[in-house]
Each structure stands twice: as structure tokens, then as C-alpha cells.
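Notebook open, viewer running. I wanted to go through the salt bridges and the strands around them, and write down what turned up.

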Amino acid sequence: MFHLSKIRHTLHLNPQLLGLPLIDAMKGELEMQFLDKVIANLGLCISVYDILSIDGGFIFPGDGCSTYEVVIRLVMFRAFVGEILSGKIEESNNDGLRLSLGFFNDIYVPVFQLQQPCKRGDDGIWLWDYNSQYFPLDLNEEVNFQVISVKYPPIPVKQEANSKPFAPMEIVAGMRGDGLGVASWWQD
């Protein structure tokens, strides 16, 4: 779920930051650039772990910024296919469920990946029919799910006004199987 990724980055430090210790100025600027951002095929950046090397410090004509080549390690969130995670149900709709981990909420469970058989109740909440006894998948319930796929869709050139916000990383998950679904179903 969490891993360290090493990357090389060209960092520009504005002149007003040069009064700070160099490492503090760099770390602050790197955090502004990377924290809570998705890097394609690496995942969501949670933290700047450390700075491994610093090279440069050049000021190019007409720029004013000092430019450095840095090698850094970032703490990244990236789920892998088959991984079992726990989250909370944020939304229930005709397509299935949307889940949240608290810091990441672009996790989708399509209807065919819910415990079967299931149906949608009058209140819009999905219900698992287990031997004619209905178990609801209520909003804010803690659920266990398995990662089916992780997608990094291309950034859209144009987005419709009424479409859902663009998500740079999406996880498709499933709840079919023992131990998956609402966590309280499996306690005892």
C-alpha cells in the first residue's frame, strides 16, 4: 500500500526562500509541489521522505531562481492488484459504491463486484441477500475490499460541465468473497 519512490527532479527556489536553511527551503518547496498529487504509475504522494542528493544551485540569466537537481524519495500510496484494504462507504448509486480510505476516495466497486445476490433498496442503499436475509451496505460502514485494478486515466482536454471531477488515479475494487464486504459481517 505504501512504498518509497526515488525520483530525480529539477527544483527552482525563489529568492525569498534563500534566507532559510537550504534543506528546509527545499523540503518546503518539494512538499508544495508533490504532496497530495498523483504521479502516473507511482501513486499518490503522501510525504517527502528525504533528499538523497543536491546538485547545482545555478542562477540562470533573467530567472532569479536558484536551480538545483535533486534526488528525493517520496512516500507514495499505490494499491496493488489483489491487495485487501479497509475503507468506508462514501456513496451508493446505480453503478455500485464509492469508497474512501480517509486520504483517498476514488475507489469504485461496480455492482457485479458486490456480494451476490444483491439489490438496491428503496432508500438507495445496496443490500446483500444471504439466504433471504438482507444485509445493508450503509453509508460510512467500514468495509473490506480487494483491489481489482488501478488506473491512471489521461488528463481530459475538455470536460463537460456536469461530469464528475477528474480523478488522476482510480481504483476498481471488489467485495465478492469471504471476509469482504461490511467488516462487522465477519466479526465473531
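**Salt bridges and strands**

I began with Glu91, which is partly exposed, with a relative accessible area of 31%. Before going further, a reminder to myself that this is a predicted model.

What does Glu91 form a salt bridge with? I found Arg98, with the closest N and O atoms 3.0 Å apart. Glu90 also forms a salt bridge with Arg98, and there the closest N and O atoms are 3.1 Å apart. I noted Glu90 as partly exposed, because its relative accessible area is 36%. So I have Glu90, Glu91 and Arg98 linked in a network of salt bridges.

**Arg98 itself**

Is Arg98 buried or exposed? I put it down as buried, because its relative accessible area is 17% and the cut-off for buried is under 20%. Arg98 sits in strand β6, residues 96-100.

I then looked at what else the Arg98 side chain does. It reaches the backbone oxygen of Asn105 at 3.2 Å. Leaving out residues up to four places away in sequence, I listed the residues Arg98 touches: Lys88, Ile89, Glu90, Glu91, Asn105, Ile107 and Tyr108. Both salt-bridge partners, Glu90 and Glu91, are on that list.

**From β6 to β7 and on to β12**

Which residue in β7 stands opposite Arg98? I traced it to Tyr108, which is also among the residues that Arg98 touches. Strands β6 and β7 (residues 107-110) pair in the antiparallel sense over four bridges. The two strands form a hairpin with six residues between them. In the turn I checked Gly102, and its phi is positive, about 100 degrees.

I followed β7 onward and found that it pairs with strand β12 (residues 170-174). This pairing is parallel and runs over two bridges. Ile107 of β7 stands opposite Ile171 in β12, and Ile107 is another residue on the Arg98 contact list.

**The four-stranded sheet**

Next I turned to an open sheet of four strands, with the order β1-β4-β3-β2 and antiparallel pairing. Its edge strands are β1 (2-13) and β2 (38-39), each pairing on one side only. I looked at the β3 and β4 pair in more detail: β3 covers residues 43-59, β4 covers residues 66-77, and the two pair in the antiparallel sense over 12 bridges. As a sample position I took Val48, whose bridge partner in β4 is Leu74.

How many salt bridges does the count come to? I get three. One of them is Arg73 with Asp50, the closest N and O atoms being 2.6 Å apart. Arg73 lies in strand β4 and Asp50 in strand β3, so this pair ties together parts that are 23 residues apart in sequence. I marked Arg73 as partly exposed, because its relative accessibility is 26%.

**A surface patch**

Last entry. Which residues make the nonpolar surface patch of about 330 Å²? I wrote down Met1, Phe2, Ile46 and Phe103. Ile46 belongs to strand β3, and I have it as partly exposed, because its relative accessibility is 32%.

Definitions and conventions: Residues numbered from 1 in each chain as written. Predicted model: local features only at pLDDT ≥ 70, side-chain atom pairs only at ≥ 80, totals over all residues. Heavy atoms only, no water. Patch = residues over 30% accessible without salt bridge, like charges linked within 9 Å, V, L, I, M, F, W, Y side chains within 5 Å. Areas by Shrake-Rupley, 256 points an atom, 1.4 Å probe, with all protein chains shown as cover. Salt bridge = Lys/Arg side-chain N within 4 Å of Asp/Glu carboxyl O. Buried < 20%, exposed > 50% of the residue type's maximum accessible area, 1.4 Å probe, protein only. Polar contact = N/O pair within 3.5 Å; in protein donor to acceptor, adjacent residues only side chain to side chain. Contact = heavy atoms within 4.5 Å. Pairing = 2+ DSSP bridges.
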